[in-house]
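Welcome to a short briefing on how some helices and strands pack together. Have a look at the fold first, and then we can walk through it.

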Amino acid sequence: MAHKPSDAQIEEVVEQAYALIEDSLIYYQGKAVGCTAAVTDHVAAANYTECFIRDFFPVALILLMDGKSEVVRNFLHTVARLSAREKQFKGHEITPGVMPASFSVRIDEAGAESLSPDYGDRAIGRVAPVDSMMWWAILLDLYVQYTHDHGFTQRPSIQGALQHILHLSLNTTFEVAPTLLAPDGSFMIDRRMGVDGHPLEIQTLFYGMLCSAEKYLARTSHTAEVLLVAHQRRSALLTYLRIFFWLDVRRLNEIHRYPTEELGSGSVNMLNIYPASIPDWVEDWLPDYCGYFVGNLGPGRMDFRYFAQGNLLAILFGVSTQDQTRDILNLYEKRWSDLVGVSPAKIVYPAVDGLAWELITGSDPKNVAWSYHNGGNWPVLLWPLVAAALEGGREDLAWSAFSLACRRLQRDGWPEYYDGKTGRLIGRRSNFNQVWSAAAAILSHKMLVEERRIPFCLNV
Ligand code: GLC
């Protein structure tokens, strides 16, 4: 376990992180409405000067805890307005309700400001963000928890956004399971990584979003039906995730001996997963008394990779049972060097390499094995790791992760990600002054030193 830093060292880290957040704020019509993804003159990708919905989330939590809720309200309002826009392409459109991955404030020659959203129509790879509307809805709930400003949720723009989100996400056709079908790269992992289908992170966010939308969408004769469907879907999703996404040694034994080619109702292996598809690494890697939610599940397909964000959010949103929470945290303890290493924490384990890398990433050089989305270590994951560890009564793990982060993040210039099996190398193409890396350190400090907790709506 990592050596605990001194109080003075911790204070210095937090102070610097705050300075970075302060520099990152974006203003529109004189009001702070969000923050940039990174603060630097020479950004690797031009869009790091935009406000990403997912990147702003931990910053928003800090603002709420610090009593600066008006910035969060401005953000929620701004993004809700952007989501009402229609964008026409030839033969199809981006429907109202889709929230942008990011937005920026443009200033024209006459000095007039305008908002410029990216719905995936500008992003590298043209990836559509499915997670934005979910982070937005979950943040709306936290905003109300901190401020008790229920009136804000009744505004037409907020009610309209909630309705659109529910219509969009509950209207999925061509689906048998309660999970949400998503394209590749539609969340934090926003490049091709074989995470299309039913990625865990989207499912946990979907669950969190449904909790929030059910709370705040006003019940009228127009909304009664969608609210009922939302409630039923949430409950079915919860059961499905807890049973079918879960993997521990007992489940592994079941899958190892699965019957196949079963037709009709009452089948054991309804998705027809072939035992031969269990990768070799799983049996040796998965310890007794440990478990996790697999990365993806669909017809004939179980992605056995461990995805950190989805598992940690499952703990925070009450998707995991108490036993599952304990087992996920046990897994962190037993596989610390794989899942945390020296720079908390690994985004996915293990990395894909060779032919699998060619096929899964499309030979993406940024996503070579043990780098970036393909097994890199991401400082932003510190905050959900600390929060989940505290939720499961594992303060020891939370402190170990925070201590490691204190030693490296500020010294290394707040990198976006680290490379290598244990995350010893600063990412080859990593940005510096990455805002959500700094936000993760501040939030973790608030939870560990100030004993603050994030009031996620657990199983309402
Ligand atoms: C990268 C990440 C994405 C993040 C963005 C801005 O594209 O994959 O999750 O939102 O950078 O930091």
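Helix 3 lies across strand 3, strand 6 and strand 7, and runs at about 90° to strand 6. Here contact means heavy atoms within 4.5 Å; axes are lines fitted to C-alpha atoms, for helices over the stretch in contact, with angles from 0 to 180 degrees between N-to-C directions. Helices (H or I, at least four residues) and strands (E, at least two) are DSSP runs numbered from the N terminus.

This is a predicted model, where local features need pLDDT of at least 70, side-chain atom pairs count only at pLDDT 80 or more, and totals for chains, interfaces and linings use all residues. Residues are numbered from 1 along each chain as its sequence is written, and side-chain values use heavy atoms, leaving out hydrogens and water.

**The sheet**
- Strands 3, 6 and 7 form an open sheet in the order 3-6-7, with antiparallel pairing (two strands pair if DSSP finds at least two bridges between them).
- At the edges are strand 3 (51-52) and strand 7 (113-118), each pairing on one side only.
- Strand 3 is joined to strand 6 (residues 102-107) by 2 bridges, and Phe 52 stands opposite Ser 102 in strand 6.

**The helix pair**
- The axes of helix 3 (residues 69-83) and helix 6 (residues 156-170) come within 9 Å and cross at roughly 55°.
- On the helix 3 side, Leu 76, His 77, Ala 80 and Ser 83 meet Ser 157, Ile 158 and Ala 161 of helix 6.
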